[in-house]
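Please open the model in your viewer and keep the sequence panel beside it, with selection by chain and residue number switched on. The tour below goes from stop to stop, saying at each one what to select and what is found there.

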Amino acid sequence: MTAPSPRLMVENLQIGGAGFLVVDRVSFTLGPGESLGIAGESGSGKSTLLLSLMGMMRQGLLHVGGSVRLDGRPMLGQSDAALEPVRGGKIALVPQNPATALNPSRRIGAQIDEALQLHSTLTRIDRAARVLDLLGRVRLPEPAIAARRFPHELSGGQVQRAAIAMALAGEPDMLLLDEPTTGLDVTTQAALLDLLVDLRHRDRVGMVCVSHDLGVLARLCDRIAVMYAGAMVEEGPLVPVLTHPGHPYTRALVASIPRIGAAGLPLPIDGNPPSLFHLPTGCRFAPRCALVQDACRTTRPDLELLDPDRKVACLRPMTIPAPVTRPSDAAFAIGAPILAVKDLSVGYAQQNMFGKTTPRQVVEAVSFTVQKGEVLGLVGESGSGKSTILRAIAGLAHPGSGSMSLTRDGETRVLAASSTERSLAQLRSIQLIFQNPDASLNPRHRVLDLLAQPLLLYGKVARSQLRAKAAGLLAEVRLGAATLDRMPAQLSGGERQRVAIARAFAAEPDLLLCDEITTALDVSVQAAVLELIRELARKHDVAAIFVSHDLAVVRAIADRIAVLRSGRIVEIGPAGDLCERPVDDYTQSLIASILRIPA
Amino acid sequence: MIAVLLERIGLALVTLLIIAVTVFFALELMPGDACTVHLGRGATDTMLAACRARMGLDQPPLWRFAAWAGDILHGDLGVSMQRERPIVDIVGWRLRNTLILAAVTATIGIPLALGLGVLAGLKPDGPLDMAISGIAIFAMTVPEFISGTLMILVFSVILGWAAGVVTIGYKAPALDLVRASMLPAATLVFILAAHILRMVRASVIEVMQSDFVQMARLKGVPQRRIIWHHVVPNALLPAISVIGLTMAWLLGGVVIVESVFNYPGLGRLAVDAVADQDLPLVQAIALLFGLIYVLTNLGADLLALALNPRLRTRRG
C-alpha cells in the first residue's frame with residue numbers, strides 16, 4: 001500500500017513586509033485524514049501561516065517567497081474571485097473567535113445556508129434540511145431553534161459549534177482550525193474536541209490546527225510542528241516530539257506547561273522572543289537557549305532530518321525527555337489564619353424586560369480561611385462565582401450576607417463589606433492583581449508613576465526616595481530600573497503583568513488576590529509569573545488567593561485548592577490530594593476533562 | 001424591549017416639556033411683553049392694562065404657562081398679535097410646506113448619501129473616494145446661504161432650468177410646491193448628504209475590516225454578495241441615528257434656505273415672526289421645531305432598535 005499523495009503542500013513559504021518576515025521558509029505536506037498541529041507562542045507567525053493556506057494575507061503582509069498548493073493548484077497570488085470555489089468548498093476555516101467571525105445581523109441558519117448556496121447544488125428546501133442536519137452533527141441541542149438565533153443569542157461554546165457547522169457545510173477535504181477552543185470551559189472544550197476527532201476519523205477530513213495549548217494539539221493531531229519567531233524549529237509525530245523533544249525550544253516549551261499529574265512549578269524560559277526586525281544572525285533561539293554554543297550564534301541551522309520521520313532545526317539536536325516540573329519546595333507549615341470568610345453570599349439584581357429586578361445568587365454560603373504564607377487556589381468554570389468571591393474580599397462586590405474578618409498583628413477585625421468603609425491599614429493589607437494588565441495599568445502613566453501611587457498612599461515614602469524604592473520593587477520582579485521610565489505600551493504582556501505584581505507588593509500587603517493573572521499570557525511567561533508569585537509570597541510571608549479556570553495552573557502554585565460550582569465550594573483540600581484523589585463527582589469530571597500532554 | 005420602547009417615548013415627552021418651559025420663560029425674561037411690543041411707543045398705561053387684561057398677561061407667569069400649555073394640549077396655539085388670527089391657521093399650511101421640502105430632501109438625499117458613502121468606503125483613498133469625500137467636505141464647510149445663492153446662480157441665472165425664487169403662495173397645491181422646492185431641496189441635499197455619507201463611509205471601512213467580512217471571504221462568498229449581504233446591512237445600522245440627527249439639524253438650515261429662496265414654509269415664517277416681534281407666534285414656531293426635532297430623533301432611535309438584532313433581542 002502506498003502512502004496517499006499529499007493534498008496540501010507548503011514549500012519554503014515566506015510572508016512578511018518591508019525588512020521583516022513573519023513566516024520564514026516553512027514547508028510541510030498534509031494528506032487526507034492527516035492532522036498537523038502547529039504550536040508556538042504569540043508572535044510566532046502561526047495564525048499568519050494558517051490564513052495563507054487559504055490564499056489570504058493579513059493586512060500589511062505580502063507573500064515574499066515559496067508556495068502553497070492545494071491538490072496541485074497554487075493558492076497564493078490568486079484573485080479572491082479565483083479562490084471562491086476553493087475557499088469553503090475544498091478548504092474551510094474554523095475561526096479563532098467565532099463571536100466576531102459571524103455576521104452579527106444574520107441568523108445562524110442563514111449564514112450556514114449561504115455556504116450551502118455557494119458550494120452545493122441543493123435546492124432551497126434541501127438546504128434548509130441540510131442546515132438542521134449540520135447543526136445536529138455538531139451536537140447543538142434543538143437545531144431548529146439554534147438556526148433561528150442570532151450569534152449574540154448563543155453561548156461561546158454554541159457559537160463555536162455553529163462556526164464548525166458552517167465550515168463543514170461545503171464538505172471540505174481540509175479543515176483549518178485557529179485556536180478552536182480558546183476561551184471555552186474545559187468540559188465544553190473536551191466535547192468540542194471529541195466532535196473534531198470524530199469528524200477526522202469518520203470523514204477523513206485533513207486538519208491543520210493552530211494552538212498555543214499543547215493539550216489541544218495532543219488530543220486532535222498526529223503530527224506537530226513547533227514554530228519560533230516565524231520559523232519551524234521542529235516537526236514530527238506528536239508523541240515522540242513532546243516526550244523526547246529534539247529542539248531545545250520544544251523542550252523548554254513542554255517544560256513550561258503546568259501538569260495536573262505533577263506537583264511543583266513549571267519551568268519558565270528566560271528572556272523574550274526576538275523582535276522580527278532584529279533577528280539574531282545565527283539560531284533565533286540561541287539568546288535564550290540553555291545549551292547554546294558559539295557556533296549557534298553565527299550559523300542558522302536548517303530544518304534537517306533527525307530520524308526518518310522527524311525534522312529539527314538545531315546544530316546539536318538530541319532527543320532527551322523534557323524535564324517535567326521543578327521539584328516542589330518544602331511542605332507548607334500551617335500558620336495562623338489571616339483571613340476568615342464565613343457563609344459569604346453574593347447576589348446581583350437582574351433586571352428583566354419590564355424593569356423588574358430579581359436577585360440572582362452568584363455565591364452561596366461560602367466559608368473558608370486562608371493562613372499566613374499560604375496560597376489558596378480557587379478553581380471553577382465561568383460563572384462559578386470565583387471572581388465574585390475575590391471581588392467581595394477586595395470590597396468591590398456587596399455581599400448579601402455572611403462575614404469576613406482579617407487578622408493583622410495578632411488582632412482580628414471585621415472586614416467591612418465595602419472598600420470605602422475599610423481602614424487604610426486594611427486596604428493596604430489586601431491587594432488585587434487583575435487578569436489583563438493592558439486594562440489594569442493606566443496607559444498614560446510611566447511605570448514609575450504607577451508604582452509611586454501605592455508607595456505614597458500607604459508607605460509614606462519620601463519623594464526623594466521614591467525612585468530608589470520603585471527600582472527596588474522592579475528588581476524583585478526581575479525588571480531593570482530602566483523600565484521605570486517606560487509606558488505600559490512599551491512593555492511585553494509578561495513585563496506588564498510583572499509591573500502589576502510589583503504595584504501590588506508596593507503596598508506591602510498581607511493578602512494578595514490574583515484573578516486569572518496568567519490567562520492572557522503565553523505558557524513560558526505564565527511559568528515565570530507563577531514562580532515569581534510563589535517566591536515573593538514565601539519571601540514576604542504573604543498569603544494569596546489564586547483564582548483560575550485552569551486546575552493544572554492552580555495545582556502548580558497552590559497549597560490548598562477549593563473547587564467551586566454554581567457559587568458553592570464542592571471540595572476543598574491540599575492541592576496534591578485534591579488533584580490525585582478527588583472525592584467530589586464534579587471535581588472528578590473536571591480533572592477527567594483536562595487535556596493531558598504525553599509524558 | 002417594551003421597557004426600552006416606553007423609556008424612549010417617556011424621555012421624548014420629558015424633552016418636549018423642557019423645550020416648552022424654556023421657550024415660554026425665555027420670552028418671559030425679555031424686557032417688555034407682547035402688549036408693549038404690539039401697542040408700540042404711544043401706548044398709555046390704561047391701554048397697556050386693558051391689553052394685558054384681554055391677553056391674560058396680568059396673571060402670574062406660572063399660571064399663564066399652565067394656561068398656555070393646557071391650550072396647546074387642546075390644539076390651540078394662541079392668537080397671533082400682528083396678524084390677529086389663530087396661530088394654528090397660519091402655521092398649519094407652512095408646516096405642510098416645510099414637510100414637503102423635508103420629504104423631497106430626504107427622498108433624494110438619503111439614498112444618494114448611502115450610495116455614495118458605500119462607494120467611497122469600499123475603496124478608501126481611491127480616486128472615487130477622493131472625489132466624493134472632497135466634495136462632501138466642501139459641502140459641509142460652505143454655509144447654506146452661499147451654496148443656495150450658488151445654486152440660484154448656476155441653475156437659474158446661467159442654465160435657466162428653474163426659477164430662482166419661489167413665487168407661489170403658501171396655500172398652493174402640494175404638487176406645485178414639490179416642483180417649486182427643487183432648488184431649495186438641492187441646497188439642503190448638498191449638506192445633508194455630505195454629513196451622512198461621511199458617516200456611512202467610516203462605517204463601511206470599519207465593517208470591511210471586521211472578522212466576519214474576512215470570514216465571508218474565507219467561505220468563498222463573492223465580492224458583490226459580501227458587500228450586499230455582509231457589509232451594507234451592518235454598516236447602515238449606525239447610520240440610522242446619524243440620519244435622524246442630521247434631518248433634525250437640517251431645521252436650522254431650513255430657516256435660512258427658505259429665506260434665500262422665498263419658500264413659503266415654517267422657517268421663513270419664523271424669520272417674519274421675529275422681524276414683526278410677534279411673540280406668541282415665535283413661541284409657537286419654536287415649540288413646533290422642538291417637536292419635529294424630538295420626533296425625528298425618536299423615530300430614528302426606534303428604527304435602529306427595530307433593525308438591529310443585538311438591540312432587539314437580548315440573551316437570557
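**First stop: an open sheet in chain A**

Begin with the open sheet of chain A in which four strands follow the order β2-β1-β4-β5, with antiparallel pairing; strands here are DSSP runs of E with at least two residues, helices are runs of H or I with at least four residues, and both are numbered from the N terminus, while two strands are said to pair if DSSP finds at least two bridges between them. Its edges are β2 (20–30) and β5 (73–74) of chain A, each of which pairs on one side only. Before going on, note that this is a predicted model, in which local features need pLDDT of at least 70 and side-chain atom pairs count only at pLDDT 80 or more, whereas totals for chains, interfaces and linings use all residues. Residues are numbered from 1 along each chain as its sequence is written, chains are lettered from A and ligands numbered from 1 in the order in which they are written, and side-chain values use heavy atoms, with hydrogens and water left out.

Now select strand β1 (residues 8–17) of chain A together with β2(A): the two pair in the antiparallel sense over seven bridges. Within this pairing, G17(A) stands opposite F20(A) of β2(A).

**Second stop: β3 and its neighbours**

Select strand β3 (residues 35–39) of chain A. Is this strand buried or exposed? Five of the five residues of β3(A) are buried, so the strand is largely enclosed by the rest of the structure; buried means under 20% relative accessible area, exposed over 50%, and partly exposed in between, with a 1.4 Å probe and protein chains only. In a regular strand the side chains alternate between the two faces of the sheet. In β3(A) both faces are covered, with S35(A), G37(A) and A39(A) buried on one side and L36(A) and I38(A) buried on the other.

Add strand β8 (residues 206–211) of chain A, which pairs with β3(A) in the parallel sense over five bridges; here V208(A) is the bridge partner of L36(A). Then add β9(A), which pairs with β3(A), also in the parallel sense, over four bridges. In β9(A), R223(A) is the bridge partner of L36(A), and I224(A) stands opposite G37(A).

Stay with β9(A) (residues 223–228), where five of the six residues are buried. Extending the selection to strand β10 (residues 231–237) of chain A brings in an antiparallel pairing with β9(A) over six bridges, in which M227(A) stands opposite M232(A). The hairpin of β9(A) and β10(A) has two residues between the strands, and A229(A) takes a positive phi near 50 degrees there.

**Third stop: helix α17 of chain A**

Select residues 466–476 of chain A, helix α17, where L466(A), A470(A), L473(A) and L474(A) are buried. They cover an arc of only 100 degrees around the axis, which puts them on the same side of α17(A); the arc is that of the directions from the helix axis to the C-beta atoms. The face turned away from this buried side carries the exposed residues A468(A) and A475(A). To see what the buried residues pack against, show α16 (447–459) and α18 (493–506) of chain A. Just after α17(A), R478(A) takes a positive phi of about 60 degrees.

**Last stop: chain B**

Finally, switch to chain B, which has 14 helices and zero strands. Its C-alpha atoms fill a box of roughly 85 × 60 × 35 Å, taken along the principal axes, and 44% of its 316 residues count as buried.

Select P233(B), which is found in helix α11 (residues 223–261) of chain B and is partly exposed, with a relative accessible area of 33%. Which residues does P233(B) touch, not counting those up to four places away in sequence? With contact meaning heavy atoms within 4.5 Å, they are S105(A), I227(B) and W228(B). As a closing distance, draw a line from P233(B) to L62(B): the two are 171 residues apart in sequence and 50 Å apart in space, C-alpha to C-alpha.
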